[in-house]
Amino acid sequence: MDTSNPTDRPGRSDAAAHAAAHVIEQSLGHLYSAALRTAVLHHLADHLAGGPRTAAELARRTGTDAGALRRTLRYLASRGVFREDGNGAFHMTPAGQFLRAGVPGSLREAVLMLTDDIFVRSSSALDETVRTGAPAFPKVFGAPFFEYLKDDDATRELFDTGMAAFSEPLDDLVASAYPFPARGTVVDVGGGRGGLLRQVLLRHPGLTGVLFDQAPALRETVLDDAELAGRWRAEPGDFFTSIPDGGDVYVLKHVLHDWDDESAVRILSGCRRGLAPEGRVLVVDSVPEPGNDPHPGKTLDVAMMTLVPGKARGPKELDVLFARAGLRRTRILPTPTFAAIVEAVAD
């Protein structure tokens with residue numbers, strides 16, 4: 001005789017059936033990434049920018065199969081990326097606007113990066129990361145993530161352009177939300193092409209800036225603006241070796257989450273040594289709070305786990321790193337995006 005409690009068995013109620021369907025759909029989540037990538041590669045959002053079109057019309061414009069394209073568009077419409085009307089025409093949505101090329105705030109390059117093999121194949125090996133506690137990327141690609149980027153120019157370009165697009169929505173928010181000093185020097189550590197530094201300098205005309213990163217990342221900066229002439233310099237280097245001295249504000253945007261605790265302390269210590277009197281260090285990153293509520297930082301944390309030895313750190317974890325580097329957290333400023341601004345000063 002089966003004496004188990006019926007409520008413990010899957011499939012015994014509508015709620016359980018919905019939960020089971022949810023699990024199945026989420027198991028196919030990789031198809032959503034593939035569909036977004038397909039939309040970007042075939043410029044579907046660009047073709048819909050001028051008005052609604054049927055799948056047949058889009059297929060003619062993109063050289064694709066109308067039947068397969070319609071099924072992909074229908075799937076994306078179910079996720080709010082596009083919208084299908086009663087006549088079978090597909091419309092742009094606010095989400096779809098971000099897939100357009102060459103428009104302000106475009107996430108096209110970020111989607112191409114996040115759906116590339118460097119992410120997809122590493123994520124597919126998450127079970128290996130969980131088993132060993134180490135990133136799967138070196139086993140899949142034969143070298144640690146940043147070493148691989150040094151030796152593969154195409155992937156480095158993909159990463160740099162993708163990160164610039166990924167970061168752009170945050171740059172102006174940080175520049176406007178944080179009370180930067182009226183005068184002084186901002187050092188953007190690991191700042192890539194300088195999107196954040198550009199917004200800070202444009203909003204705060206009394207500041208000067210240093211864009212500090214490895215030489216390949218500095219080849220194409222976004223700082224060549226007439227308003228900024230004479231107010232910034234690019235300095236190539238390795239933040240594990242030395243960081244420019246004399247900064248009034250050191251900014252680490254999307255840097256610490258790439259590195260293990262020991263490496264993160266070395267980076268923070270370099271900033272601490274260079275701080276001008278009354279200077280501040282800003283960590284701009286995802287800061288997940290405890291609890292079960294969804295947070296983009298929890299997703300990014302798992303993605304980073306498969307690529308690099310770092311992680312998304314909560315407030316208490318950051319406090320430990322700050323203390324070891326001779327710093328003290330003073331406040332956390334949230335932003336409307338996935339990242340927060342964490343301020344620290346010399347302890």
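How many residues has α2, and what distance does the helix reach from its first C-alpha to its last? The tour will come to that helix after a view of the whole chain.

**The whole chain**

Display the full protein chain of this predicted model. The chain has 347 residues, and 43% of them count as buried. Its secondary structure consists of 16 helices and ten strands. Along the principal axes, the C-alpha atoms fill a box of roughly 70 × 60 × 40 Å. With the surface switched on, the accessible area comes to about 17,500 Å², and carbon and sulfur atoms account for 53% of that area. Of the contacts between residues at least 6 apart in sequence, 62% join residues at least 24 apart.

**Helix α2**

Select residues 30–41, which form α2. The helix has twelve residues and reaches 17 Å from its first C-alpha to its last, close to the 16 Å expected at 1.5 Å a residue. Next, show the side chains of Ala35, Leu36, Ala39 and Val40, which are buried. These residues cover an arc of only 140° around the axis, so they lie on the same side of α2. An α-helix has 3.6 residues a turn, so residues three or four places apart point the same way.

To see what covers the buried residues of α2, add α3 (44–48), α5 (66–78), β2 (82–84) and α7 (108–114), which are included in that cover. Then move to His43, which follows α2 and has a positive phi, near 55°.

**Before α2: a nonpolar patch**

Select Leu28, in the loop between α1 (14–27) and α2 (30–41). Leu28 is partly exposed, with a relative accessible area of 42%. Add Ile24 and Leu31 to the selection: together with Leu28, these residues make a nonpolar surface patch of about 280 Å².

**Two further residues with positive phi**

Go to His254, in the loop between β7 (247–253) and α14 (261–274). Its phi is near 55°, a positive value in a residue other than glycine. Is His254 buried or exposed? At 6% relative accessibility, His254 counts as buried.

Finish at Glu278, which is found in strand β8 (residues 275–285). Here too the residue is not glycine and phi is positive, near 65°. Glu278 is exposed, with a relative accessible area of 75%.

Methods:
Residues are numbered from 1 along each chain as its sequence is written. This is a predicted model: local features need pLDDT of at least 70, side-chain atom pairs count only at pLDDT 80 or more; totals for chains, interfaces and linings use all residues. Side-chain values use heavy atoms; hydrogens and water are left out. Patches are made of residues with over 30% relative accessible area and no salt bridge: like charges are joined within 9 Å, nonpolar side chains (Val, Leu, Ile, Met, Phe, Trp, Tyr) within 5 Å. Accessible areas come from the Shrake-Rupley method with a 1.4 Å probe; for residues, only the protein chains shown count as cover. A salt bridge is a side-chain nitrogen of Lys or Arg within 4 Å of a carboxyl oxygen of Asp or Glu. Helices (H or I, at least four residues) and strands (E, at least two) are DSSP runs, numbered from the N terminus. Buried means under 20% relative accessible area, exposed over 50%, partly exposed in between (1.4 Å probe, protein chains only). The expected span of a helix is 1.5 Å times one less than its number of residues. The arc is that of the directions from the helix axis to the C-beta atoms. Contact means heavy atoms within 4.5 Å.
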